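Work through the exercises below with the model open beside you. Try each task before reading its solution.

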Amino acid sequence: MSSSIENINKLIKSKLIGGYESNIDWILTDSRSVCFPEETLFFALKTKRNDGHKYIDELFEKGVRNFVVSTLPEKKDNYPNCNFLLVNDTLKALQLLAEKHRENFQIPVIGITGSNGKTIVKEWLYQLLNENYVITRSPRSYNSQIGVPLSVWMMNENTELGIFEAGISEMGEMEELRNIIRPTIGILTNIGGAHQENFFSMQEKCMEKLSLFKDCDVIVYNGDNELISSSVLKSLFTSREIAWSTKDNERPLFIESIDKGDNSTTITYRYIGMPGKYTIPFIDDASIENSIHCVSIALYFMIPQDVIAARMEKLEHIAMRLEVKEGKSGCVLINDSYNSDLASLDIALDFMSRRSDDKGKKRTLILSDMFQTGQSSKLLYRQVAELVHSRGIDKIIGVGDDIQAASSRFDVEKYFFQNTQQLIESEMLQSLKNEVVLIKGSRNFHFEEISDLLELKVHETILEINLNAIVDNLNYYRNKLKPETKLVCMVKAFAYGAGSFEISKTLQDHRVDYLAVAVADEGSELRKAGITSSIMIMNPELSAFKTMFDYRLEPEVYSFNLLEELIKAAEKEGVTNFPIHIKLDTGMHRLGFIPEEIPELIRRLKSQNAVIPRSVFSHLVGSDSDQFDSFTKRQIETFEKASTELQDAFSHKIIRHICNTAGIERFPGAQFDMCRLGLGLYGVDPYTNKILHNVSTLKTTILQIHDVPKEETVGYSRKGKLNRDSRIAAIPIGYADGVDRHLGNGNAYCLVNGQKAYYVGNICMDVCMIDVTDIDCKEGDKVEIFGDNLPVTLLAEKLGTIPYEILTSVSNRVKRVYYHD
Ligand SMILES: *Cc1c(COP(=O)(O)O)cnc(C)c1O
């Protein structure tokens with residue numbers, strides 16, 4: 001819906017500076033996502049870590065002319081023809097705009113909150129109701145203080161039903177979200193982790209979530225959950241309730257039975273006395289609960305029971321991830337089967353364009369007919385074409401009659417096919433080479449067949465890397481830093497096994513101050529792949545100074561010998577003021593200048609101008625253990641003194657840093673100017689050994705299953721002697737992939753369909769065997785070696801080693817697969 005800038009100025013009660021005529025269609029909060037600059041209004045949000053005002057220049061260059069700010073730029077004349085809307089708080093202004101926008105709609109709006117399942121319930125409701133209503137819903141899981149206003153802003157004159165998620169992380173946040181969503185129907189999916197000992201705070205949390213529903217006509221929740229039921233009672237709502245129950249037949253929706261089959265579940269119910277039943281193609285408990293929430297709403301909307309049942313049977317799994325995979329012939333595949341509408345296409349294209357440094361690869365979009373209720377096909381494909389052009393797509397492969405009919409709108413290399421089969425039978429897919437390919441299709445086009453054909457399948461063993469978890473861990477530690485403290489992220493050793501490029505790219509997108517690698521080649525690889533962040537080299541080789549100068553890789557310097565060689569090389573190349581990082585030895589006794597050498601070091605540094613100290617640092621020996629706390633404090637004191645001595649000798653600022661992950665957590669007073677984050681970024685808290693947000697999951701699949709009688713042996717040297725008749729599965733992963741031989745012979749287990757399967761016999765080079773006698777499984781089933789459900793710290797304990805070693809041992813031949821939620 002477009003709105004004039006004057007109108008928006010009135011709505012958000014700002015002061016308009018400029019007054020140029022402008023119509024706004026797009027609201028932007030993340031400067032990197034700009035797409036239609038002329039019609040965009042940018043909200044310069046201030047977060048604890050970042051400040052949107054910093055990006056006004058960059059956006060102006062790209063053509064944005066409308067900004068909501070809390071401070072005006074110093075030189076306003078540098079921004080001709082711009083409108084600045086001045087407010088006290090830009091986030092509040094964004095929320096206020098969404099609130100005012102919401103007031104235009106007298107339609108049912110569903111608000112969904114709870115600890116898990118919000119996005120699934122939202123998407124399933126969409127699948128169940130979109131033939132009855134034109135629906136506007138939150139894209140993906142836009143449910144935050146920023147995501148909710150952006151979602152609600154998407155409602156337009158065609159919208160007949162809104163479905164929005166609300167997620168909170170702190171007390172007090174829900175009120176703002178309620179004012180924006182103003183739901184008429186509420187769903188509380190569930191409340192996670194109800195432990196008796198913090199019941200009090202759990203109830204508080206539950207009440208806070210429920211406050212979303214204060215003015216709802218009806219609320220839906222699990223009446224069997226005592227915490228939720230008692231919280232609803234306490235909340236004193238006057239709204240109607242659909243509390244469903246499997247036990248209490250007085251409840252409005254009584255679930256009589258839940259019958260799980262092999263691949264589907266049938267649920268029999270009574271809704272205000274009326275009997276009914278439906279079947280869903282899922283058997284897990286979460287899906288069953290989610291489906292009950294959905295059926296409650298469908299019944300409330302008086303959708304006929306047979307229609308509900310027919311649609312329930314067709315519910316689809318929600319792929320919440322944008323998967324990035326290696327494709328054949330040098331292609332990179334981005335698989336997005338989330339949904340096929342404009343909003344999700346825009347997000348996927350944005351994701352793709354941010355990977356712009358995929359080494360000069362051509363950008364290709366494979367797109368099916370789209371489905372967008374309430375919009376003419378003409379308008380829809382005009383918008384699709386605009387997106388395709390502005391997001392820099394080089395080639396489009398369209399599948400379906402509608403998109404084919406709109407072919408003339410696309411001004412890039414283009415090919416069209418009537419259906420998926422026709423595309424597969426053509427030569428088109430084989431002809432893709434060195435391209436980034438975004439695959440996005442409506443469900444009924446079955447694009448999974450296309451991705452299947454394009455995907456490179458070398459080895460069935462993969463290491464899955466959750467890039468969102470990396471960001472969550474990053475933010476977890478950032479929140480422990482003072483706002484001005486800088487951060488180095490350690491991406492050495494192939495980013496602790498997770499893969500240097502993708503991790504560095506993600507960190508660069510989140511604007512970390514430095515990346516650190518071990519050797520120069522790791523750094524130059526990152527540069528060649530397009531990483532522009534500052535990079536520090538922790539173990540600079542004497543033979544690689546040229547590489548460092550060429551790629552601006554800043555070396556650590558720990559000895560006079562190294563310093564002399566470096567100065568010599570720099571002078572020879574005519575390099576001046578090359579930044580270096582001085583390492584001090586405060587107790588590790590590995591590498592570094594000792595404090596007594598500082599006067600000499602200062603003299604040497606001052607007598608040349610080839611290199612310049614950018615930072616000075618030291619490394620803690622035992623920050624992850626209480627028993628060394630007094631030693632750690634001594635190290636910090638020594639560092640304080642020695643680094644001050646160095647700083648005092650120079651007029652420019654020298655960044656000081658000593659804390660690693662455990663140091664950040666345990667010695668907040670020792671942040672100095674910067675910290676170095678390693679293991680924590682990859683999800684392991686080195687102090688508690690707990691997993692924060694799990695990043696890496698090592699997975700494989702069962703190759704073959706044998707029934708092996710008692711007394712037989714399994715594997716080399718007859719080590720795996722069976723003392724019962726057993727089912728033995730072989731999996732394609734061995735010590736050459738990084739599975740330590742000491743895990744064999746029953747010392748540890750992996751997970752097959754969530755159950756423990758112990759290793760039998762010796763682990764071989766490329767294969768190992770596991771006992772699946774008591775596990776319901778078949779060939780082709782997934783096996784987890786460590787990860788989401790089996791913490792890497794547990795294996796480390798079994799092996800008497802540290803998680804660092806296990807993470808960095810996963811061999812390079814194991815394919816890394818990256819995904820975003
Ligand atoms: C690897 C490394 C770190 C990171 O340590 P973590 O314990 O993984 O946080 C920090 N500083 C230096 C010098 C390192 O080599």
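Four exercises on this predicted model follow, each with a worked solution.

**Exercise 1. Find where the model can be trusted.**
Find which strand has the highest confidence and where pLDDT stays under 50.

*Solution.*
- Step 1. Start with the whole chain. Its mean pLDDT is 91, and 96% of the residues score at least 70.
- Step 2. Go to the extremes. Strand E31 (residues 674-677) is highest, at 98. Strand E17 (residues 322-326) is lowest, at a mean of 79.
- Step 3. Look for the weak stretch. Over residues 194-199, pLDDT stays under 50. The model gives this stretch four contacts beyond four places in sequence.
- Step 4. Decide how to read it. Where pLDDT is low, the predicted coordinates should not be read in detail.

**Exercise 2. Describe the surroundings of the ligand.**
List the residues around the ligand, then sort them by class.

*Solution.*
- Step 1. List the shell. It consists of Met490, Lys492, Tyr496, Met538, His619, Asn660, Thr661, Arg676, Gly678, Leu679 and Tyr804.
- Step 2. Sort by class. Five are nonpolar, four polar and two charged.
- Step 3. Check the polar pairs. An N or O atom in the Arg676 side chain is 2.7 Å from a ligand nitrogen. Gly678 uses its backbone: a polar atom there is 3.1 Å from a ligand oxygen. Tyr804 places a polar side-chain atom 2.6 Å from an oxygen of the ligand.
- Step 4. Add the cover. On its own the ligand has 380 Å² of accessible area, and the protein covers 92% of that.

**Exercise 3. Place Gln608.**
Is Gln608 buried or exposed, and which backbone atoms lie by its side chain?

*Solution.*
- Step 1. Locate Gln608. It sits in the loop between helix H22 (598-606) and strand E29 (611-617).
- Step 2. Apply the cut-off. Buried means under 20% relative accessible area. Gln608 has 11%, so it is buried.
- Step 3. Trace the polar atoms of its side chain. One lies 2.9 Å from the backbone oxygen of Leu605. The backbone nitrogen of Val611 is also 2.9 Å from a polar side-chain atom of Gln608.
- Step 4. Look further along the chain. Beyond its neighbours within four places in sequence, Gln608 contacts Ile567 and Glu571.

**Exercise 4. Read the buried residues of a helix.**
Name the buried residues of helix H10 and what they pack against.

*Solution.*
- Step 1. Pick out the buried residues. In H10 (residues 305-313) they are Ile308, Ala309, Arg311 and Met312.
- Step 2. Recall the geometry. An α-helix has 3.6 residues a turn, so residues three or four places apart point the same way.
- Step 3. Find the partners. The buried residues of H10 pack against helix H4 (118-129), strand E16 (274-280) and helix H9 (285-300).

Technical notes: Residues are numbered from 1 along each chain as its sequence is written. This is a predicted model: local features need pLDDT of at least 70, side-chain atom pairs count only at pLDDT 80 or more; totals for chains, interfaces and linings use all residues. Side-chain values use heavy atoms; hydrogens and water are left out. A residue is near a molecule or strand if one of its heavy atoms lies within 4 Å of it. A polar contact is a pair of N or O atoms within 3.5 Å; within protein, one must be able to donate a hydrogen and the other to accept it, and residues adjacent in sequence count only if both atoms are side-chain atoms. Accessible areas come from the Shrake-Rupley method with a 1.4 Å probe; for residues, only the protein chains shown count as cover. Ala, Val, Leu, Ile, Met, Phe, Trp, Tyr, Cys and Pro count as nonpolar, Asp, Glu, Lys and Arg as charged, and the others, Gly among them, as polar. Buried means under 20% relative accessible area, exposed over 50%, partly exposed in between (1.4 Å probe, protein chains only). Helices (H or I, at least four residues) and strands (E, at least two) are DSSP runs, numbered from the N terminus. Contact means heavy atoms within 4.5 Å. pLDDT is the predictor's confidence in each residue, from 0 to 100.
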